[in-house]
Amino acid sequence: MRRATLIALTIGLLGGLIVWLPARWIAPLLPATVQCGAWHGTVWRGECAALTLANAPLGRAAWSLELAPLWRAQLALDVGLVAERSALSARIETSIFDTARLDLQALRLQATIVDLRRMLPQLPWPAGVDATLDVDLPQ
């Protein structure tokens, strides 16, 4: 009886640890050029309050990882990025064993040229233009 209780507690503790892993545990998996100022939530459903890429501020990123596809060795992730006047959302699906192939679905981008110029300064953006880019790719 004692042994069964100990095994059940161990399994429960490990299961709870996996379910409630803090979002900041993702940090070591990110490339060196990607930084997060403040992590919130869990690995499964979390947020990075100040995401930067190569020292360029991108905004607030959020994600939601679905548990059910993991049983089929698949990752299904809903992601979002919000900047000052811009927003990006998409669903990303991939195989755990073949992450080189990504299935991008429901891509939605609304961005101002001002935000894009700030986020991606290495690209040649037109000077003095303040327009909005609107992209919607359902599949």
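This passage describes the nonpolar core and the strand pairing of a predicted model.

A good place to begin is the interior. The largest nonpolar core of the model comprises 14 residues. Within this core, the residues with the most contacts are C48, L51, L58, A61, W63 and L81. Three strands, β1 (34–36), β3 (45–53) and β4 (56–65), each contribute at least two residues to the core. Of the strands, β4 gives the most, supplying 3 residues. As general background, nonpolar side chains tend to be buried together in soluble globular proteins.

L58 offers a helpful close-up of this core, being one of its residues with the most contacts. Leaving aside residues up to four places away in sequence, L58 touches L51, T52 and L53. The contacts of L58 also include L81, V82 and A83, together with M119. Among these partners, L51 and L81 are themselves listed with the most contacts inside the core.

Attention now turns to the pairing of β5, β6 and β7. Strand β5, spanning residues 74–82, is antiparallel to strand β6, which covers residues 87–95, and 9 bridges link the pair. One of the bridge partnerships sets Q74 against S95 in β6. The two strands make a hairpin, with 4 residues lying between β5 and β6.

On from there, β6 also pairs with strand β7 (residues 98–112), again in the antiparallel sense, through 7 bridges. Here S89 lies opposite R108 of β7. A hairpin makes this connection as well, with 2 residues joining β6 to β7. Strand β6 thus pairs with β5 and with β7.

Definitions and conventions: Residues are numbered from 1 along each chain as its sequence is written. This is a predicted model: local features need pLDDT of at least 70, side-chain atom pairs count only at pLDDT 80 or more; totals for chains, interfaces and linings use all residues. Side-chain values use heavy atoms; hydrogens and water are left out. A nonpolar core is a set of buried Ala, Val, Leu, Ile, Met, Phe, Trp, Tyr and Cys residues joined through side-chain atoms within 4.5 Å. Buried means under 20% relative accessible area, exposed over 50%, partly exposed in between (1.4 Å probe, protein chains only). Contact means heavy atoms within 4.5 Å. Two strands pair if DSSP finds at least two bridges between them.
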